[in-house]
Amino acid sequence: MIRIAVCDDEKHFHKTMKDAITNYLEQKSIDYHIDLFDSGSELLGLGGLIVQYAVIFLDINMLEIDGMETAIKIRCISKEICIVFVTAYIKYSLEGYKVNAIRYLLKDNRNFQRSVDECMDAVLAELNYENPIKVFQFKEGKKEILIDKVMYIESRLHTVTFHIMGNEEKRYTMAATLNEVQSILNEYSFLRIHQSFLVNIKHIASIRLYQVIMDNGNTLPVPKAKYHMVKEKFTEFKGEL
């Protein structure tokens, strides 16, 4: 999953930006999460959690804290986040070198979608992003599965069920043990939170009260014996440590 932040104090532009990014990622079958921020101070208020974002789109001309100042403070936290400036004025382009901005996007560009597509191509190249696919033989037939879209895998009565994210959640079943599936997915970001659940840590929204809350709102139990380990792994993934 790619996590993206859009920071712009013109709320009407949020939809324009989000739609353009969504169009690109949907065409590429890339799993994503986009958060919207109304100001640089709101975004910076995340502190160390800001590292959860692979790319941040920043409006330069914001009140209170402008995009350039916000970017400088982001760079104090992380050198790895891809920063894209969005502006109505090209005159700021030279300043972007100070914070290693990967691209500038002009708001009034008639070919805005094309500009976003080119920008995201550059972002994925910078991130060395791969969208891994595995082929599984399910009871429902042979399926090519995008690993990033697997939310979690559940085991019951010698059958495992893959819960796949999409416009509607899909479920595919196969006769196997969770240990067998875990060994196949060992190179990816899956976490065994329970004897019966293998979870894609990228789709965990939060952890509390001995439960994992997934992106889609599903809650999964975490036994007390594993709770500290699960919370620690999630914290490490979010970049708090």
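Biologist: Over how many bridges do strand 8 and strand 9 pair?

Modeller: This is a predicted model, in which local features need pLDDT of at least 70, side-chain atom pairs count only at pLDDT 80 or more, and totals for chains, interfaces and linings use all residues. Residues are numbered from 1 along each chain as its sequence is written, and side-chain values use heavy atoms, leaving out hydrogens and water. Helices (H or I, at least four residues) and strands (E, at least two) are DSSP runs numbered from the N terminus, and two strands pair if DSSP finds at least two bridges between them. Strand 8 and strand 9 (residues 159-164) run in the antiparallel sense, and their bridges number six.

Biologist: Which residue of strand 9 stands opposite Y152?

Modeller: Picture a hairpin: strand 8 and strand 9 have two residues between them, and L157 in the turn has a positive phi of about 50 degrees. Across from Y152, in strand 9, you will find H163.

Biologist: And in strand 12, which residue is the bridge partner of I153?

Modeller: Strand 8 also pairs with strand 12 (residues 197-200), in the antiparallel sense over three bridges. Within strand 12, the partner of I153 is L198.

Biologist: How many of the seven residues of strand 8 are buried?

Modeller: Let's set the scale: buried means under 20% relative accessible area, exposed over 50%, and partly exposed in between, with a 1.4 Å probe and protein chains only. Strand 8 (residues 150-156) is mostly covered, and its buried residues number six.

Biologist: What distance does helix 4 reach from its first C-alpha to its last?

Modeller: The expected span of a helix is 1.5 Å times one less than its number of residues. Helix 4 (residues 112-127) has 16 residues, and its reach is close to the expected span: 22 Å.

Biologist: Which element gives the largest share of the largest nonpolar core?

Modeller: A nonpolar core is a set of buried Ala, Val, Leu, Ile, Met, Phe, Trp, Tyr and Cys residues joined through side-chain atoms within 4.5 Å. This one has 26 residues, and among those touching the most other members are I4, F57 and V116. Strand 1, helix 1, strand 3, strand 4 and helix 4 each supply at least two residues. The largest share, seven residues, comes from helix 4.

Biologist: Which residue just after helix 4 takes a positive phi?

Modeller: The helix itself has several buried residues, including F112, C119 and L124. Just after helix 4, the residue with a positive phi of about 55 degrees is N128.
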